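Trainee: Got a minute? I'd like to go through this structure with you.
Mentor: Sure. Put it up and ask away.

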Amino acid sequence: MNIKNDLSQSVIGKGLEDSELEHLAGIARGIQFYKNEIIFAENDEGDSIFVLAEGKVSLERRVKNHQPVPPTQITIVRHGQLFGEMGFLENQKRSATAKAKGNLRLFVIDSDDLRKLMSNDSQFAIKFMSNLALILSARLRRMNEQWLNAISRDFQLPEFEYF
């Protein structure tokens, strides 16, 4: 398992220098999961970020309007992608359940270690947060497209406030 190499090929490793990848790899822990194992559950405490090195992860929701419902798959996370970042950014409970779709290998990056690394290396922090912003922007764009495709042409869009 070459953590540095796997991170360099991930969306969060784009544009990082060799030394920055080494520092990031130094705080990442490799973990394996098996088919149908839960990586984290909706409403769990957690602020770690996960980078998928091998396999697929299903992100699912079980709660709607504070009522339990059968799990609904939100998305599939694939090789090199990141998940769990909302806990890192918001310091809130997990908004979804992450479940292994098969055997997989991933890296966990603890938020305290990541914040420490970012405070010690401002150039790394800028690159890391820029990558994270691009990832979130692409997800928002995709979700907007999916939402617009899901509604009918006659549907009147409600006013929406960006805060």
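**Charges, contacts and odd angles**

Mentor: Let's start with Glu20, which is buried, because its relative accessible area is 5%. Keep in mind that this is a predicted model.

Trainee: Which residue does Glu20 form a salt bridge with?
Mentor: Lys127. The closest N and O atoms of the two are 3.0 Å apart.

Trainee: Where do the two sit, and how far apart in sequence are they?
Mentor: Glu20 lies in helix α2, residues 18-27, and Lys127 lies in helix α5. The pair therefore ties together parts that are 107 residues apart in sequence.

Trainee: And Lys127, what's its relative accessible area?
Mentor: It is 23%, so Lys127 counts as partly exposed. The cut-off for buried is under 20%.

Trainee: How many salt bridges does a search of the whole structure find?
Mentor: Eight.

Trainee: Let's do another one. What does Glu42 meet in a salt bridge?
Mentor: The side chain of Arg61. The N to O distance is 3.2 Å.

Trainee: Which parts does that pair tie together?
Mentor: Glu42 is in the loop between β2 and β3. Arg61 is in strand β4, residues 57-64. So the bridge ties together parts that are 19 residues apart in sequence.

Trainee: Is Glu42 buried or exposed?
Mentor: Buried, because its relative accessibility is 12%. Arg61 is at 35%, so that one counts as partly exposed.

Trainee: Next pair. What does Glu54 bridge to?
Mentor: Arg105. Their side chains meet at 3.5 Å, N to O. This pair links distant parts of the chain: Glu54 is in strand β3 and Arg105 in strand β8, 51 residues apart.

Trainee: How do the two of them score on accessibility?
Mentor: Glu54 has a relative accessible area of 44%, so it is partly exposed. Arg105 is at 13% relative accessibility, so it counts as buried.

Trainee: What else does the side chain of Arg105 contact?
Mentor: The side chain of Asp6. That is a polar contact at 2.7 Å. For your notes, the strand that holds Arg105, β8, covers residues 104-109.

Trainee: Which residues are linked in a network of salt bridges?
Mentor: Lys4, Asp18 and Glu22.

Trainee: Okay, new topic. Which residues gather in a patch of positive charge?
Mentor: Lys35, Lys56, Arg78 and Lys101. The patch is on the surface.

Trainee: Where is Arg78 found?
Mentor: In the loop between β5, residues 67-77, and β6, residues 82-83.

Trainee: Why does Arg78 count as partly exposed?
Mentor: Because its relative accessibility is 41%. Partly exposed is the band between under 20% and over 50%.

Trainee: Let's look at backbone angles. What's notable about Asn43?
Mentor: Asn43 has a positive phi of about 75°, although it is not a glycine.

Trainee: Why point that out?
Mentor: Because most residues other than glycine have a negative phi.

Trainee: Where is Asn43?
Mentor: In the loop between β2, residues 38-40, and β3, residues 49-54. It is at 46% relative accessibility, so it counts as partly exposed.

Trainee: And Asn91, what is its phi?
Mentor: Near 55°. That is also a positive value in a residue other than glycine. Asn91 is in the loop between α3, residues 85-90, and β7, residues 97-100.

Trainee: Is Asn91 buried or exposed?
Mentor: Exposed, because its relative accessibility is 60%.

Trainee: There's Asn131 too. Where does that one lie?
Mentor: In helix α5, residues 122-150. Its relative accessible area is 9%, so Asn131 is buried.

Trainee: What lies 2.9 Å from a polar atom of the Asn131 side chain?
Mentor: The backbone oxygen of Ile12.

Trainee: Last one. Where is Phe107?
Mentor: In strand β8. It is at 0% relative accessibility, so it counts as buried.

Trainee: How far is the C-alpha of Phe107 from that of Ala125?
Mentor: They are separated by 19 Å. Along the chain, the two residues are 18 apart.

Trainee: Great, thanks. I'll go back over the pairs myself.

How values were computed. Residues are numbered from 1 along each chain as its sequence is written. This is a predicted model: local features need pLDDT of at least 70, side-chain atom pairs count only at pLDDT 80 or more; totals for chains, interfaces and linings use all residues. Side-chain values use heavy atoms; hydrogens and water are left out. Patches are made of residues with over 30% relative accessible area and no salt bridge: like charges are joined within 9 Å, nonpolar side chains (Val, Leu, Ile, Met, Phe, Trp, Tyr) within 5 Å. Accessible areas come from the Shrake-Rupley method with a 1.4 Å probe; for residues, only the protein chains shown count as cover. A salt bridge is a side-chain nitrogen of Lys or Arg within 4 Å of a carboxyl oxygen of Asp or Glu. Lys and Arg count as positive and Asp and Glu as negative; His and the chain ends are not counted. The place of a charge is taken as NZ of Lys, CZ of Arg, CG of Asp or CD of Glu. Helices (H or I, at least four residues) and strands (E, at least two) are DSSP runs, numbered from the N terminus. Buried means under 20% relative accessible area, exposed over 50%, partly exposed in between (1.4 Å probe, protein chains only). A polar contact is a pair of N or O atoms within 3.5 Å; within protein, one must be able to donate a hydrogen and the other to accept it, and residues adjacent in sequence count only if both atoms are side-chain atoms.
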